[in-house]
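Work through the exercises below with the sequence and the 3D view open. Each task is followed by a solution in steps.

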Amino acid sequence: YIDLCDTPEKTDEYLTKLLVQLEELEGKFTEFDEFVNEIGLKREEIQDAFEQRKIQLIEKRSKRADTLQQSSDRILKAVSSRISKLKSESEINGYFASDIMVEKIRDIVKELLSLDDTVKADEIQSRLKTVREDTLRQLKDKSELFVEGENIIRFGNHNFTVNTQPLGLTMVNRNSEMFFHLS
């Protein structure tokens, strides 16, 4: 039975079956004290063996769930960076409907649910949903805020140009003192 146990639930099921069989044996040999003692010792050995197997299976399941979560973290970062470059809501929706990486996230969620780790599955699902909603919100804000491309911002009736050049930090000597200077 121990070899048949591939989930913690099955270990409990098979342990119960064996304990019932031991109870039946114990009932048959109640008048023989030495057999009752032997059966008691075997019961303890069986319970210990099944408990160890259950612990191994739980640890294996937990490691698998952790690995899946780490994998989903990396995938979500990649998805987030990819969709930030998309220019329209239909492109974003199309990406979420057809991309292999998004489908991989959904497969990870299904596998976590099959491992009975609903907390991690729900967290990953909500993070995927959040990435999508945040990207759509940023796209909407960008389209409402920017005018004529990405170099002019409109606040009411006023337009401001945006500098997209990278900033450089240098040290400047002024009046015999060193100052930071952004260029």
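Rings of Phe, Tyr and Trp (its six-membered ring) pair if their centres lie within 6.5 Å; planes under 30 degrees apart count as stacked, over 60 as edge-to-face and the rest as tilted. The structure is a predicted model, in which local features need pLDDT of at least 70 and side-chain atom pairs count only at pLDDT 80 or more, while totals for chains, interfaces and linings use all residues. Residues are numbered from 1 along each chain as its sequence is written, and side-chain values use heavy atoms, with hydrogens and water left out.

**Exercise 1. Aromatic pairs**

Task: find how many aromatic pairs the ring rule gives, and describe them.

Solution. Step 1: the rule gives 2 aromatic pairs. Step 2: one of them is Tyr1 with Tyr14, stacked, at 4.9 Å centre to centre and 15° between the planes. Step 3: place the partners, using helices (H or I, at least four residues) and strands (E, at least two) as DSSP runs numbered from the N terminus. Tyr1 lies in the segment before α1 (8–28) and Tyr14 in helix α1, so the pair ties together parts that are 13 residues apart in sequence. Step 4: check accessibility, where buried means under 20% relative accessible area, exposed over 50%, and partly exposed in between (1.4 Å probe, protein chains only). Tyr1 is partly exposed at 39%, and Tyr14 is buried at 13%. Step 5: Tyr95 and Phe96 also form a pair, edge-to-face, with 6.0 Å between centres and 85° between the planes. Both of these residues are buried.

**Exercise 2. The nonpolar cores**

Task: state which residues touch the most other members of the largest nonpolar core, and which helices supply it.

Solution. Step 1: a nonpolar core is a set of buried Ala, Val, Leu, Ile, Met, Phe, Trp, Tyr and Cys residues joined through side-chain atoms within 4.5 Å. In soluble globular proteins, nonpolar side chains tend to be buried together. Step 2: the largest core has 20 residues, and Val79, Phe96 and Leu112 touch the most other members. Step 3: at least two residues come from each of α2 (33–83), α3 (89–98), α4 (100–114) and α5 (118–145). The largest share, 6 residues, is that of α2. Step 4: a second, separate core has 9 residues, among them Cys5, Leu15, Ile39 and Leu57.

**Exercise 3. Around Leu112 and Asp117**

Task: list what Leu112 is in contact with beyond its neighbours within four places in sequence, then decide whether Asp117 is buried or exposed.

Solution. Step 1: contact means heavy atoms within 4.5 Å. Leu112 is in contact with Ala65, Leu68, Asp117, Lys120, Ala121 and Ile124. Step 2: Asp117 sits in the loop between α4 and α5. Step 3: its relative accessible area is 19%, so Asp117 is buried. Step 4: with the same exclusion of neighbours within four places, Asp117 is in contact with Ala65 and Leu112. Step 5: a polar contact is a pair of N or O atoms within 3.5 Å; within protein, one must be able to donate a hydrogen and the other to accept it, and residues adjacent in sequence count only if both atoms are side-chain atoms. The side chain of Asp117 reaches the backbone nitrogen of Lys120 at 3.5 Å.

**Exercise 4. Helix α5**

Task: compare the span of α5 with the expected value, and name its buried residues.

Solution. Step 1: the expected span of a helix is 1.5 Å times one less than its number of residues. Step 2: α5 has 28 residues and should span 40 Å; its end C-alpha atoms are 39 Å apart, which agrees. Step 3: the buried residues of α5 are Lys120, Ala121, Ile124, Leu128, Val131, Thr135 and Leu139. Step 4: what covers them includes α2, α3 and α4.

**Exercise 5. Positive phi**

Task: where are Asp116 and Asn175, and what are their phi values?

Solution. Step 1: most residues other than glycine have a negative phi, and most peptide bonds are trans. Step 2: Asp116 has a positive phi of about 65°, lies in the loop between α4 and α5, and is exposed at 52% relative accessibility. Step 3: Asn175 has a phi near 55°. Asn175 is in the loop between β4 (169–174) and β5 (177–182), and is exposed at 71%.
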